[in-house]
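Me: I would like to learn how to read a structure like this one, feature by feature. Please give me the general idea each time, and then the case at hand.

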Amino acid sequence: MSVKFAVLGHGVVGSGVVELFYKNKESIEKKAGTEMEVKYILDLREFPDSPYADKFTKDFNDILNDDEVTAVAECMGGLEPAFTFVKACLEKGKSVSTSNKELVAEKGDILLKIAKEKNCNFFFEASVGGAIPIIRPLHKCLAGNDITECAGILNGTTNFILTKMYNDNMPFDEALSLAQQLGYAEKDPTADIEGHDACRKICIISSLVFGKHVYPKSVYTKGISGIDLADVQIADNMGYSIKLIASVKKQENDKILPAVMPMLTPHADIISNVSDVFNAVVVNGDGFDKAMFYGRGAGKLPTASAVLGDVIDSVKHKVTVFSQSWESAEDDSFIDCIDNFKAKWYFRVPADAQVSAKEQTASDNGISFISESELTFAQAQAEAEKLGAMAVIPVLE
Ligand code: HSE
């Protein structure tokens, strides 16, 4: 008897899941150890020309009340109705695999708890880093370590835009519209540009690694909309690329400090050379030192690949696999204040500012320099105000 699964949403990712499943059905079934079939596709729109037209339903209850459906792929995005649907599926013991970052970042603790109670699975490999396997390595392969830091590029759209701007002098709006056409950007691309998407992803990583739910509202988040092309060019001449970096670090006071902000990355650092839609995450831990995860961070089939991997896993493992989920944590006192974030900082200040740094770069746009020692976020902001800085950006070490 074949295992039946349903796909919620037939947008970029959902249609990719169905496409990739039927393309590789034979080998997927061998890996799953059973025949499999998509029984339903949930979407409110009409798809009369689709080869899967007979599978469409507009009524979620068709899926919920069909006991033959044991696994569900949620690819709708957004918090509602995704949360209500996913919760209802898990409560009925149907395993859910999702690509929905917002859902996991806001409600992951609740959904993991229900999955555990109902002895089914809530998987979300596709929610961080697109095709890159990062959730399972953090949760399983590296579980024997004390992980101290994760940092990297977690948003494909902004990395694509920055790359097009640097390499091809493509205007920001044109690069964004290309990213939208390629299916990389969120429905509302503000979530990409202003760093909210990367924030949700670092929340998921932080919750998984440190065991307590980190909510987006607790994370300092700054996107790329304030980045001036002058700083991109000056930084390049100084040996750096500007990248949108999402990071979380264990602090000396035992708190954790997650943050999202543009940072200068040295050209010699591999992160600096991560281009286009690619994502990369560097993880530091006591046993293994450093590990890097790299791959396509967005797009139809790369994201579908991660969702399908989860669906196959949930078909193979009918009992809860993520038994170590994370705790709910309304009290966020385990998160350190952004004022304590430490780094060297790039400043661009007016030509007549009193600058003591030995190495300075003068241009038509003022004087640029990198602080000789590390400064906290609070110290850097105070220094920027004192000097009337036009730009103050941390440097990734
Ligand atoms: N908008 C997201 C990105 C999609 O650009 O990374 C993948 O999560």
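Me: Let us start with accessibility. Is Asp 66 buried or exposed?

Reply: Keep in mind that this is a predicted model. A residue counts as buried under 20% relative accessible area. Asp 66 has a relative accessible area of 12%, so Asp 66 is buried.

Me: Which residue does the side chain of Asp 66 meet in a salt bridge?

Reply: The partner is Lys 39, with 2.7 Å from N to O. Asp 66 sits in the loop between α3 (60-64) and β4 (69-74), while Lys 39 belongs to strand β2 (residues 36-42), so the salt bridge ties together parts that are 27 residues apart in sequence. Lys 39 has a relative accessibility of 27% and counts as partly exposed. The two are also members of a network of salt bridges that links Lys 4, Lys 39, Asp 66 and Glu 68.

Me: How many salt bridges does the structure hold?

Reply: There are 24. Another one to look at is the pair of Asp 228 and Arg 348, whose closest N and O atoms are 3.6 Å apart. This pair links distant parts of the chain, 120 residues apart: Asp 228 is in the loop between β8 (220-221) and α11 (229-237), and Arg 348 is in strand β13 (residues 342-349). Asp 228 is partly exposed at 37% relative accessible area, whereas Arg 348 is buried at 5%.

Me: What about a salt bridge within one helix? Where do Lys 25 and Glu 29 lie?

Reply: The general idea comes from helix geometry. With 3.6 residues a turn in an α-helix, residues three or four places apart point the same way. Here, Lys 25 and Glu 29 are both in helix α2 (residues 25-32), four residues apart, or about one turn of the helix. Their closest N and O atoms are 2.8 Å apart in the salt bridge. Lys 25 is partly exposed, with 21% relative accessibility, and Glu 29 is buried, with 15%.

Me: How do I read the faces of a helix? Which residues of helix α8 are buried?

Reply: Look down the axis and see where the buried residues fall. In α8 (residues 172-181) they are Ala 175, Leu 176 and Ala 179. Seen that way, the buried residues of α8 lie within an arc of 100°, so they line one face of the helix. Asp 173 and Gln 181 are exposed on the other side of α8. The cover over the buried residues of α8 includes α7 (156-168) and α9 (190-193). Just after α8, Gly 183 has a positive phi of about 80°.

Me: Now the interior. Which residues touch the most other members of the largest nonpolar core?

Reply: In a core, look for the residues that touch many other members. The largest nonpolar core has 77 residues, and those that touch the most other members are Leu 90, Phe 122, Leu 138, Leu 264 and Val 283. Helix α10 (residues 196-210) gives the most to this core, with eight residues. Take Leu 138 as the case: beyond its neighbours within four places in sequence, its contacts are Ala 143, Ile 147, Cys 150, Ile 205, Leu 208, Val 209 and Val 283. Another core lies apart from the largest one and has 29 residues, including Ile 245, Val 274, Val 355 and Ala 357.

Me: Can a loop residue be read in the same manner? Where is the place of Ser 272?

Reply: Ser 272 is in the loop between β10 (256-266) and β11 (278-285). Its relative accessibility is 6%, so Ser 272 counts as buried. Apart from neighbours within four places in sequence, Ser 272 is in contact with Ser 241, Lys 243, Thr 265, Pro 266 and His 267.

Me: Last, the surface. Which residues form a nonpolar patch there?

Reply: Ile 270, Met 292 and Tyr 294 form such a patch, with about 300 Å² of accessible area together. Of these, Tyr 294 lies in strand β12 (residues 289-296). Tyr 294 is partly exposed, at 47% relative accessible area.

Methods. Residues are numbered from 1 along each chain as its sequence is written. This is a predicted model: local features need pLDDT of at least 70, side-chain atom pairs count only at pLDDT 80 or more; totals for chains, interfaces and linings use all residues. Side-chain values use heavy atoms; hydrogens and water are left out. Buried means under 20% relative accessible area, exposed over 50%, partly exposed in between (1.4 Å probe, protein chains only). Helices (H or I, at least four residues) and strands (E, at least two) are DSSP runs, numbered from the N terminus. The arc is that of the directions from the helix axis to the C-beta atoms. Contact means heavy atoms within 4.5 Å. A salt bridge is a side-chain nitrogen of Lys or Arg within 4 Å of a carboxyl oxygen of Asp or Glu. Patches are made of residues with over 30% relative accessible area and no salt bridge: like charges are joined within 9 Å, nonpolar side chains (Val, Leu, Ile, Met, Phe, Trp, Tyr) within 5 Å. Accessible areas come from the Shrake-Rupley method with a 1.4 Å probe; for residues, only the protein chains shown count as cover. A nonpolar core is a set of buried Ala, Val, Leu, Ile, Met, Phe, Trp, Tyr and Cys residues joined through side-chain atoms within 4.5 Å.
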